[in-house]
Amino acid sequence: MRFIVFLLPWLELFTLIQLGIETSALTALMYVLVTLFLGLALLQRQGRELFEHLRESQRTGTAGAQVLLDRMALGLAGLLFMVPGLITDFAALVVLVETITDLIVVVEESLEIMVQILLWLRHFHLVVEVVQVTITEVK
């Protein structure tokens, strides 16, 4: 572990130098600045949403552990984006894709439940129409 912590800054520096060689120094500098501001924005947004979620959990007495972990993972992605270099940016993208995939699964499950409810309501509506037609025929 110590070896990775010692080696990572040098690898990050190497990747940025290679990016500067392949494109230009200005492009590498702009890349670092853009990812820094992207990380700051992501971290600020997620921090605010995390505190709102914690406040809401405290008020209602429930704890959404998975939502909390997802938001913390997005905060970690923001921190990784703030570190200059391509390796940590790749790690941030991996965290983002995994977290977004988890969120999509949650949304998909919610949509499936909503579709089932709508199908039930549609069926209920058809039953009500049949009953109305039957009542009018009896009169």
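The points below describe a predicted model of one protein chain, taking the overall fold before individual residues.

1. Overall fold. The chain has four helices and zero strands, and its order along the sequence reads α-α-α-α. Of its 139 residues, 19% count as buried. Where contacts join residues at least 6 apart in sequence, 59% of them link residues at least 24 apart. The chain exposes about 10,700 Å², and carbon and sulfur atoms supply 75% of that area.

2. Helix H1, geometry. H1 covers residues 2-22, 21 residues in total. From first C-alpha to last, H1 reaches 31 Å, close to the 30 Å expected at 1.5 Å a residue. The helix nevertheless bends, by about 30° at Leu8. A proline, Pro9, follows within four residues of the bend.

3. Helix H1, buried positions. Which residues of H1 are buried? They are Glu12, Thr15, Leu16, Leu19 and Gly20. Glu12, a member of H1, deserves a separate comment. Glu12 has a relative accessible area of 4% and therefore counts as buried, the limit being under 20%. Leaving aside neighbours within four places in sequence, Glu12 is in contact with Pro84, Gly85, Leu86, Ile87 and Thr88. Of these, Leu86 is the residue at which helix H4 (residues 86-138) begins.

4. Nonpolar surface patch. Ten names make up this patch: Phe3, Phe6, Leu7, Leu8, Trp10, Leu11, Leu13, Ile17, Ile21 and Ile87. Together they have about 970 Å² of accessible area. H1 contributes the largest share, nine residues. Leu8, where H1 bends, is among the patch residues. Trp10 also lies in H1; its relative accessible area is 54%, so it counts as exposed, for which the limit is over 50%.

5. Asp89. This residue is found in helix H4. Is Asp89 buried or exposed? Its relative accessibility is 2%, so Asp89 is buried. Beyond residues up to four places away in sequence, Asp89 touches Tyr31, Thr35, Leu80, Phe81 and Val83. The C-alpha atoms of Asp89 and Val32 are separated by 9.9 Å, although the two residues are 57 apart along the chain.

6. Thr35. Thr35 lies in helix H2 (residues 25-60) and is in contact with Asp89. Phe81 and Met82 are also in contact with Thr35, neighbours within four places in sequence being left aside. Thr35 is buried because its relative accessibility is 7%. Phe81 appears in the contacts of Asp89 and in those of Thr35.

7. Leu96. Further along H4 is Leu96. Leu96 counts as buried because its relative accessibility is 15%, under the 20% limit. What does Leu96 touch, not counting residues up to four places away in sequence? The contacts are Leu42, Leu74, Ala77 and Phe81. Phe81 thus recurs as a contact here, having been listed for Asp89. Leu96 and Asp70 are 26 residues apart in sequence, with their C-alpha atoms 9.4 Å apart in space.

8. Salt bridges. How many salt bridges does the structure hold? There are two. Side chains of opposite charge can pair when their charged atoms come close. One of the two joins the side chains of Glu49 and Arg45, with an N to O distance of 3.4 Å. Both residues lie in H2, four residues apart, about one turn of the helix. Glu49 has a relative accessibility of 24% and so counts as partly exposed. Arg45 is partly exposed as well, with a relative accessible area of 45%.

9. Glu56 and Arg59. In the salt bridge between Glu56 and Arg59, the closest N and O atoms are 2.9 Å apart. This pair also lies in H2, three residues apart, again about one turn of the helix. An α-helix has 3.6 residues a turn, so residues three or four places apart point the same way. Glu56 is partly exposed, with a relative accessible area of 36%, whereas Arg59 counts as exposed at 60% relative accessibility.

Definitions and conventions:
Residues are numbered from 1 along each chain as its sequence is written. This is a predicted model: local features need pLDDT of at least 70, side-chain atom pairs count only at pLDDT 80 or more; totals for chains, interfaces and linings use all residues. Side-chain values use heavy atoms; hydrogens and water are left out. Helices (H or I, at least four residues) and strands (E, at least two) are DSSP runs, numbered from the N terminus. The expected span of a helix is 1.5 Å times one less than its number of residues. The bend at a residue is the angle between axes fitted to the seven residues ending there and the seven starting there. Buried means under 20% relative accessible area, exposed over 50%, partly exposed in between (1.4 Å probe, protein chains only). Contact means heavy atoms within 4.5 Å. Patches are made of residues with over 30% relative accessible area and no salt bridge: like charges are joined within 9 Å, nonpolar side chains (Val, Leu, Ile, Met, Phe, Trp, Tyr) within 5 Å. Accessible areas come from the Shrake-Rupley method with a 1.4 Å probe; for residues, only the protein chains shown count as cover. A salt bridge is a side-chain nitrogen of Lys or Arg within 4 Å of a carboxyl oxygen of Asp or Glu.
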